[in-house]
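Reader: I've got a new model open and I'd like to learn how to read it. Could you walk me through a few features?

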Amino acid sequence: MEKHAMSSDLIAQPSFWPELEPAEAAPKVGQTNQVHPNQGQPKRVKPELHQPDSMASASSAEIALVAIEAADSIDPSPAPSLVQLPSFRSGPADRRLPERLLILDTETTGLQSERDHCIEIGAVLFHVAERAVLDQVSFLLPCQDNPAEPINGISAAVSRTPQPWQAGLHFFEAMLAAADLVVAHNVKFDRAWFGREPLPAISKPWLCTMEDIRWPPSLRLKPTPSVRDLALAHAVPVWAAHRALTDCIYIAQVFERCGDLDALLQEGLEPRQLYRACLSYAERHRAREAGFRWNEPLRGAWSRRLSQREVTLLTFPVELADPEGVPTL
């Protein structure tokens, strides 16, 4: 779906701004208020006051009257208060949708969060209802070496170049505080780096665009599509890869084009458990076509995280399993 353009009427007077009555013009000193015949009681008539040539020569009574006139001329209308946006759009408790998404991505020096380091953070704060980017940030984190430089193109020397990464991290934390949901492509990988210095722990819910969102079959995507796959399927130009902010922008632009984004988010937030496909070797293609993966995360099995609704839609039997591969009764 194309991005909806805001009408000029909406821009001129947004529905969430308080409507203010026009301030009544204050009468000048020495003048009286004019009363329309159809109005109720006439307004107070202000006494005529002789304006002295110099305030130094004015009497204390005249100065007091001038102060009263000045105070009366101040518009008493209260200033509009700041608008507090809701965290989730109104609706039944089981159908509420997040309003603001923090789309994030990381670039790292390796695959193991216990021994490797995060070298780059990219993030985009996205407004769901407006299909619009609100804020974005990207910054490098200093490191001594980067074995993954051939992949992400970030040299350790560049990461140590003086730059305000601490300020970028603070801004990232402010964006995180404003978000209702954290979105990443391959949450299992990105989430592992947070809560390790200097990155903050994230307690907000996560949504994976690779595992949790069930993209329409009409897009003809792989069961676990890449960011590049998603972008091209939604006619988003792909100009670079393997930099954190670039991948976040791709996801944001995919969301901008999703006419059914609300439904995709709603289904993506359904509780899921890990299931093992109960199929013979000859029928393994059925598991693959349904998005199950061999040997990951269950060794020696076709498995996938599914909601109860998705289990009922399968055309073959499955059994609940824990991450170690032991069936759960």
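Author: Sure, let's begin with the overall picture. Of the protein's 329 residues, 36% count as buried. Keep in mind that this is a predicted model.

Reader: How many helices and strands are there in the protein?

Author: The protein has 11 helices and nine strands. You can also look at how far apart in sequence the contact partners are. Taking contacts between residues at least 6 apart in sequence, 60% join residues at least 24 apart. As for the surface, the protein exposes about 20,000 Å², with carbon and sulfur atoms supplying 56% of it.

Reader: Let me pick one helix. Which residues of helix 5 are buried?

Author: Start with the general idea: an α-helix has 3.6 residues a turn, so residues three or four places apart point the same way. Now the case here. The buried residues in helix 5 are Trp 165, Gly 168, Leu 169, Phe 172, Met 175 and Leu 176. Looking down the axis of helix 5, these buried residues fall within an arc of 115 degrees, so they line one face of the helix. His 170 and Ala 177, on the other side of helix 5, are exposed.

Reader: What do the buried residues of helix 5 pack against?

Author: They pack against strand 1 (100-108), strand 2 (118-127), strand 3 (132-140) and strand 4 (181-184).

Reader: And what span should helix 5 have at 1.5 Å a residue?

Author: Helix 5 covers residues 165-178, so its 14 residues should span 20 Å, and the end C-alpha atoms are indeed 20 Å apart.

Reader: Now aromatics. Which residues form a cluster?

Author: Phe 172, Phe 194 and Trp 206 form one aromatic cluster. Phe 172 is also among the buried residues of helix 5. In total, the count comes to seven aromatic pairs. There's a charge over a ring to look at too: Arg 284 lies over the face of Tyr 281, 3.9 Å from the ring centre.

Reader: What about loops? Is Glu 211 buried or exposed?

Author: Relative accessibility is the thing to read, and buried means under 20%. Glu 211 counts as buried because its value is 17%. Glu 211 sits in the loop between strand 5 (206-208) and helix 7 (227-233). Leaving out residues up to four places away in sequence, Glu 211 touches Thr 224, Arg 293, Arg 304 and Arg 305.

Reader: And Arg 220, buried or exposed?

Author: Arg 220 is exposed, at 79% relative accessible area. Arg 220 is also in the loop between strand 5 and helix 7. From Arg 220 to Ala 233 is 13 residues in sequence and 8.2 Å in space, C-alpha to C-alpha.

Technical notes: Residues numbered from 1 in each chain as written. Predicted model: local features only at pLDDT ≥ 70, side-chain atom pairs only at ≥ 80, totals over all residues. Heavy atoms only, no water. Helix = DSSP H or I, 4+ residues; strand = E, 2+ residues; numbered from the N terminus. Buried < 20%, exposed > 50% of the residue type's maximum accessible area, 1.4 Å probe, protein only. Contact = heavy atoms within 4.5 Å. Phe/Tyr/Trp six-rings, centres within 6.5 Å; stacked < 30°, edge-to-face > 60°. Lys NZ or Arg CZ within 6 Å of the ring centre and 35° of its normal. Expected span 1.5 Å × (residues − 1). Arc of directions from axis to C-beta. Areas by Shrake-Rupley, 256 points an atom, 1.4 Å probe, with all protein chains shown as cover.
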